[in-house]
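Hi,

Here is the structure I promised to send over. Have a look at it first, then read my notes underneath.

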Amino acid sequence: MADILFKWSDDYTVGVAEIDEQHKELVRLLNDLHQAIHERHGSDASRKILNELAEYTRVHFAVEESLMRITHYPDFENHKKIHEALIQQVVELQNKLDSGTAKISFELLHFLKQWLMHHIVESDKLFGAFFTHSKASANWMPPPQAGEQQKSRWKFW
Ligand SMILES: [Fe+2]
């Protein structure tokens, strides 16, 4: 049994349940890929996990970006560019794997791990703090006033 590549800790929690759950799933897939390589499950098996990881990353980025859009996150454009750059790199990698000019390696895994760790800690946490704050203000209700009917307020969810 290989050492775990990416050990989850609460330091990576951004405070938005949906995002945190998806980050854990990304970490799980990354660890699965690491294990498959370490135990030499073969290139088909590792490629399958990598494709799953790439697909789940797209879904996850789309979720994050839609939460950013609905909350009018000021750093949205920049954050989206960071996501797109990674997706682009992964597509290039997949093409290289298809043409046989690259192999899934431990270096690649360490790159993905470092990318995810830094992205969570440096970028997603900023959004997490912003989101928690916006959500709190969106749910804020004024104290009911006599004679005035309370208006329903739009909530993020
Ligand atoms: Fe992100």
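A quick definition before the surface numbers: accessible areas come from the Shrake-Rupley method with a 1.4 Å probe, and for residues only the protein chains shown count as cover. On that basis the protein exposes about 9,700 Å², with carbon and sulfur atoms supplying 54% of it.

Please keep in mind that this is a predicted model: local features need pLDDT of at least 70 and side-chain atom pairs count only at pLDDT 80 or more, while totals for chains, interfaces and linings use all residues. Residues are numbered from 1 along each chain as its sequence is written, and side-chain values use heavy atoms, with hydrogens and water left out.

**Overall fold**

There are 4 helices and 0 strands (DSSP runs numbered from the N terminus; helices are H or I with at least four residues, strands E with at least two). In sequence order that reads α-α-α-α. Of the 157 residues, 39% count as buried (under 20% relative accessible area with a 1.4 Å probe, protein chains only; exposed is over 50%, partly exposed in between). Taking contacts (heavy atoms within 4.5 Å) with a separation of 6 or more, 71% are between residues 24 or more positions apart.

**The iron site**

Which residues hold the iron ion? Its protein donors (N, O and S atoms within 2.8 Å of the metal, or 3.2 Å for Na, K and Ca; water is not among the atoms, so sites may look incomplete) are Glu 64 (OE), His 79 (NE2), His 83 (NE2), His 119 (NE2) and Asp 124 (OD), at 2.0 to 2.3 Å. Glu 64 sits in helix α2 (residues 43-70) and His 83 in helix α3, so this pair ties together parts 19 residues apart in sequence. Glu 64 is buried at 0% relative accessibility, and His 83 is buried too, at 1%.

Asp 124 belongs to helix α4 (residues 106-138). Asp 124 is buried but has no salt bridge (a side-chain nitrogen of Lys or Arg within 4 Å of a carboxyl oxygen of Asp or Glu). The nearest side chain of opposite charge (Lys and Arg count as positive, Asp and Glu as negative; His and chain ends are not counted) is Lys 125, 11 Å away. Beyond its neighbours within four places in sequence, Asp 124 contacts Val 14, His 23, Glu 64, His 79 and His 119.

**Helix α3**

The buried residues of α3 include His 79 and His 83, along with Phe 76 and Leu 86. Just after α3, Gly 100 has a positive phi of about 80°.

Cheers
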